[in-house]
Amino acid sequence: MAFWPSIVVATPAHSGVGATLTYRSELSLAPGVLVRVPLGSREVLGVVWDCPDAPPEGLTEARTKAVAGVLDGLPPLNACWRQLVKFSAQYYQRSLGEVALAALPPQLRGLDSTQLARRLKKRAKAGAAGPATPGELSGHDLSDEQAEALQALAAASTPVLLFGATGSGKTEVYLRATQAVLETTVSDGESPTQVLVMVPEINLTPQLEARFRERFEPGFGAGSVVCLHSGMTPAQRLNSWLAAHTGSARIVLGTRMAIFASLPGLRLIVVDEEHDPSYKSQEGARYSARDLAVYRAKVESEALAAGTAALRTVAMPRCQVLLGSATPSLESWHAADQGRYVRLTMPGRIGGGALPRLRLVDMNHQPKGAVLAPPLLAAMSERIERGEQCLVLLNRRGYAPVLACHDCGWKSGCPHCSAYRVFHKLDRTLRCHHCGFTERVPRACPDCGNLDIAPVGRGTEQVEEQLATLLADVKRPDGSPARVARMDADSTRLKGSLEVQLAALHSGEVDVLVGTQMIAKGHDFRRITLVAGINADSALFASDYRAPERLFALLMQAAGRAGRDAAQSGASEMWVQTWYPQHPLFATLKKHDYPAFAAEQLTEREQAGMPPYGFQALLRADARTQQAAQAFLNIAAGQAAGLPHRDDITLYPAVPLTIQRVANVERAQMLVETHSRGALQRFLSAWQPVLHACRSAPEAKGLVRWAVDVDPLTI
């Protein structure tokens with residue numbers, strides 16, 4: 001008897017291929033089974049979505065291809081995972097196969113059943129080689145606020161927003177909530193309970209991984225904690241995914257990609273620093289991992305409730321989602337105001353320590369061209385002499401944003417992008433941070449031959465260099481000179497370099513750390529008592545309506561790195577150099593009053609109809625010329641007449657992106673706005689065939705690609 005499984009394969013959103021392809025099989029294949037199937041001249045990995053015993057109407061056996069092989073060594077991907085993928089594809093306007101196959105580890109896509117069997121056998125041997133001996137789980141005493149938060153979390157039936165001050169002990173709440181889930185007894189035949197813990201950036205995983213391993217591996221065995229992020233090798237990602245999928249890994253720590261991990265026993269999702277924009281993908285399927293975490297917890301809970309009702313048991317298990325931040329996103333804050341989320345507050349620091357005092361430095365009264373104001377430099381010197389550490393935040397890497405000739409006006413523009421190449425002094429290169437184009441610094445101006453070309457502006461490399469000079473005479477308590485270090489995407493590029501730099505800071509070898517936003521969140525630096533934010537004014541008057549929210553969060557998170565040791569918290573300070581000390585943002589920052597800031601921003605958003613009170617999407621087009629990109633967008637707008645909810649939708653004129661050209665590709669976008677999320681989704685779904693047709697318009701010749709970005713973070 002033949003079966004006709006519908007199989008999802010990796011097809012681009014704009015390929016015109018259907019959501020699933022029908023193949024022929026001699027066996028009945030369960031939904032979620034992984035298979036190898038022919039696609040064109042290749043053999044690719046696919047996921048069985050359905051397996052009817054009759055072909056679709058009009059399809060004959062001669063027109064179908066047979067399934068090449070079944071990866072029968074793996075359990076099927078369960079219904080909750082498939083529902084998550086289906087929803088993501090529909091909501092973010094991508095193809096089902098694009099989302100489903102991107103969610104699987106790259107190395108798995110190249111394995112056949114024999115190769116997979118060898119890999120699983122190897123994993124089984126490694127797991128049997130050294131089983132851990134279960135023991136007592138260690139932990140710290142809880143503060144009253146932590147205990148109350150855990151009690152409320154256990155009783156909550158909706159998503160929980162944990163609004164805790166920096167240093168209030170949110171991580172301990174995550175650990176205790178995880179412990180409660182892992183100790184839950186499950187019925188025979190059910191998968192062991194699992195927890196997914198998400199962080200916004202790779203650099204936060206080593207510290208968190210160490211704490212989770214220390215806490216849980218003694219009790220649940222080596223290998224019970226695994227990581228999933230893009231910094232891992234393909235083999236490491238496959239091993240972690242297999243451990244999660246088979247249930248041997250009880251805790252998965254990861255970045256946004258981990259939201260699609262296969263976790264059959266999932267009972268808790270923790271999203272740390274939930275406000276961070278890194279949770280929103282900016283390429284491929286532009287999904288928000290934070291929003292999908294809320295949806296996934298709902299789907300898992302409904303499945304658990306249905307299973308429990310069928311078994312007629314008293315207990316009603318569920319999957320909980322815990323969103324944590326000292327500066328929650330305005331979307332999450334608004335959801336809590338509406339009662340859709342439970343908001344738990346932990347305003348106090350562990351040990352009773354105080355939050356850092358904010359000091360504004362009016363740069364209008366400081367020496368012209370000063371990197372750091374003299375009072376700030378003096379304060380840093382005092383800290384170093386007492387054996388304390390300082391952190392300097394400058395969200396711009398490189399030595400200088402641009403190299404320029406003051407005779408003829410030449411600047412170090414990128415020939416492939418409408419942006420400047422950044423000057424990196426260490427390797428004497430001009431590097432484009434958009435397309436990666438790199439050249440050696442010219443000996444003279446390429447236009448006029450002037451030898452006197454100079455850097456304009458400052459990056460972390462320059463601040464590190466100048467601070468080392470300014471603090472050359474400052475001595476540590478042991479008489480040795482002060483040491484300045486830098487941590488950004490350039491200094492942590494090599495494998496293992498991040499861990500080395502963090503270890504040096506924790507051990508006290510570094511006195512002043514200069515870095516970008518990657519040092520401003522999540523880290524527990526116990527010896528830092530002074531944080532300095534320089535060049536923060538650029539976000540005060542940005543055209544992006546989210547800029548104030550991002551700046552407030554960045555400065556408040558950076559301030560939270562100071563005074564985390566309660567004994568030193570009273571003397572901790574956050575210095576901000578600004579040309580606009582009277583700006584209202586600094587007034588609320590000075591009081592560490594996020595609720596007041598959020599209320600003010602939400603009032604402005606409501607008046608303007610901006611998210612979370614309105615809903616947006618961007619239609620983006622990349623083409624060889626700006627004219628072709630905008631022509632595609634304008635044709636698409638013209639063809640939208642008569643589509644569902646067109647009268648409820650506002651289509652703004654096509655405009656170039658802020659950085660108009662990247663890697664010789666011109667970029668344009670069109671904003672789609674409405675008051676209803678449902679209206680936006682129905683309109684976008686109906687618009688998809690129109691967009692496909694518009695691509696072939698003569699005016700759009702040269703179009704490279706187009707994409708829809710739902711709930712965009714940058715406009």
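In the predicted model, Leu 108 is in contact with Leu 34, Leu 45, Leu 71, Leu 74, Leu 116, Leu 238 and Trp 241, leaving aside its neighbours within four places in sequence. Leu 108 belongs to the largest nonpolar core, which holds 130 residues. Together with Leu 34, Leu 104, Ile 269, Phe 632 and Trp 687, Leu 108 touches the most other members of that core. Another core lies apart from it. This second core has 29 residues, including Ala 149, Val 181, Leu 204 and Ile 251.

An open sheet is formed by 7 strands. Their order is S8-S9-S7-S10-S11-S6-S12, and the pairing is parallel. Strands S8 (225-228) and S12 (342-346) stand at the edges. Each has a single partner strand, so one side of each is left without a neighbour in the sheet. On average, neighbouring strands are turned by 20 degrees against each other, direction ignored.

Within the sheet, S7 (residues 194-198) and S9 (residues 251-254) run parallel and are joined by 4 bridges. Met 198 stands opposite Gly 254 in S9. Helix H7 (residues 234-246) packs on the sheet and touches S7, S8 and S9. The direction of H7 makes about 130 degrees with that of S8. Helix H5 (residues 170-182) lies across S6 (160-164), S7, S9, S10 (266-272), S11 (320-325) and S12. H5 runs at about 170 degrees to S10.

Helix H16 covers residues 626-638. At 1.5 Å a residue, its 13 residues should span 18 Å. The end C-alpha atoms are 18 Å apart, which agrees with that expectation. Buried positions in H16 are Gln 626, Ala 628, Ala 629, Ala 631, Phe 632, Leu 633 and Ala 636. Phe 632 is also one of the residues that touch the most other members of the largest nonpolar core. The buried residues of H16 pack against four strands and a helix: S24 (615-623), S26 (655-662), S27 (665-674), S28 (703-710) and helix H17 (677-694).

Cysteine pairing was also examined. A search of the whole structure finds 0 disulfides. The closest cysteine sulfur to that of Cys 417 is in Cys 435, at 3.6 Å. This is too far for a bond, because a disulfide requires sulfur atoms within 2.5 Å. Cys 435 is likewise in no disulfide, and its nearest cysteine sulfur is that of Cys 417. Cys 417 is buried, with a relative accessible area of 2%. Cys 435 is partly exposed, with a relative accessible area of 29%.

Conventions: Residues numbered from 1 in each chain as written. Predicted model: local features only at pLDDT ≥ 70, side-chain atom pairs only at ≥ 80, totals over all residues. Heavy atoms only, no water. Core = buried A, V, L, I, M, F, W, Y, C linked by side-chain atoms within 4.5 Å. Buried < 20%, exposed > 50% of the residue type's maximum accessible area, 1.4 Å probe, protein only. Contact = heavy atoms within 4.5 Å. Helix = DSSP H or I, 4+ residues; strand = E, 2+ residues; numbered from the N terminus. Expected span 1.5 Å × (residues − 1). Pairing = 2+ DSSP bridges. Axes fitted to C-alpha atoms, helices over the stretch in contact; angles between N-to-C directions.
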